Amino acid sequence: MKEVLPQKALERKYPEWIVLVTVKAEKKVNIITLGWFMCTSIEPPMIAISIGHSRFSHDLILKEKEFGVSFVAHEMEKDMLFCGTHSGRDVDKFKETGLRPFPSKVSSLNSIICSNGAPSCEFPVGVPFISAI
């Protein structure tokens, strides 16, 4: 086994999943790009995401207790970058990127057309968010 510097080792962890998370509160729909996503259970299917407390989507998800996750194609890199570097407080990310929503069959959320898969997620009753260390 070859020894490498920690920075080089971290470079080898790619590709990693980057997801677009959608959340809808009243008439406002936001998209946030997340690099922290993981499967936590196959049966029942469960995932975990991490969103900073200062992010607009954090407050919306706490309020609505529901979010959608879209696994996007590599060709959507510019859209993922835009959604991860602009706040939904200030811009309509669907309008600015040209991403098109489509309605979920299981919730009030929109997922994103051209994604590689788009499960909708809902928090179990009584477990809204694990948010502090």
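**Group meeting: strands, cores and one helix**

Let me begin with the first two strands, E1 and E2, which pair in the antiparallel sense over seven bridges. Please keep in mind throughout that what you have in front of you is a predicted model. In the hairpin that E1 and E2 make, two residues sit between the strands, and Glu26 takes a positive phi near 55° there. As for the pairing itself, Ala25 has Lys28 of E2 as its bridge partner.

E1 has a second neighbour, since it also pairs with E5, again in the antiparallel sense, over four bridges; in that pairing, Val21 has Val69 of E5 as its bridge partner. E1 is mostly covered, with six of its seven residues counting as buried.

Let me step back to the overall layout for a moment. The protein has four helices and nine strands, and from the N terminus on the elements run α-β-β-β-β-α-β-α-α-β-β-β-β. Of its 133 residues, 36% count as buried, and the accessible surface comes to about 9,200 Å², with 58% of that belonging to carbon and sulfur atoms. If we take the contacts between residues at least 6 apart in sequence, 55% of them join residues that are at least 24 apart.

Now to the interior. Which residues have the most contacts inside the largest nonpolar core? That core has 14 residues, and the ones with the most contacts inside it are Val21, Leu34, Ile49 and Ile61. At least two residues of this core come from each of strand E1 (19–25), strand E2 (28–34), helix H2 (56–64) and strand E5 (66–72), and E1 gives the most, with four residues. To take one residue as an example, Ile49 touches Val21, Leu34, Trp36, Phe37, Ile61 and Phe67, if we leave out residues up to four places away in sequence. Apart from this core lies another one, of 11 residues, and among them are Val29, Val72, Met76 and Cys83.

Cys83 brings me to helix H3, residues 77–85, whose buried residues are Asp79, Met80, Phe82 and Cys83. Why do these lie on the same side of H3? The reason is that they cover an arc of only 165° around the axis, which puts them on the same side of the helix. The face of H3 turned away from that buried side carries the exposed residues Glu77, Lys78, Leu81 and Thr85, so you will find a leucine listed among the exposed residues of that face. As for what the buried residues of H3 pack against, the partners are E1, E2, E5 and helix H4 (93–97).

I will finish with the aromatic rings. A search of the whole structure finds one aromatic pair, formed by Phe37 and Phe71, which is edge-to-face, with 5.2 Å centre to centre and 85° between the planes. Phe37 lies in strand E3 (residues 37–41) and Phe71 in strand E5, so this pair ties together parts that are 34 residues apart in sequence. Are the two rings' residues buried or partly exposed? Phe37 is buried, with a relative accessible area of 11%, whereas Phe71, at 21% relative accessibility, counts as partly exposed, because the cut-off for buried is under 20%.

Conventions: Residues numbered from 1 in each chain as written. Predicted model: local features only at pLDDT ≥ 70, side-chain atom pairs only at ≥ 80, totals over all residues. Heavy atoms only, no water. Core = buried A, V, L, I, M, F, W, Y, C linked by side-chain atoms within 4.5 Å. Buried < 20%, exposed > 50% of the residue type's maximum accessible area, 1.4 Å probe, protein only. Contact = heavy atoms within 4.5 Å. Arc of directions from axis to C-beta. Areas by Shrake-Rupley, 256 points an atom, 1.4 Å probe, with all protein chains shown as cover. Pairing = 2+ DSSP bridges. Phe/Tyr/Trp six-rings, centres within 6.5 Å; stacked < 30°, edge-to-face > 60°.
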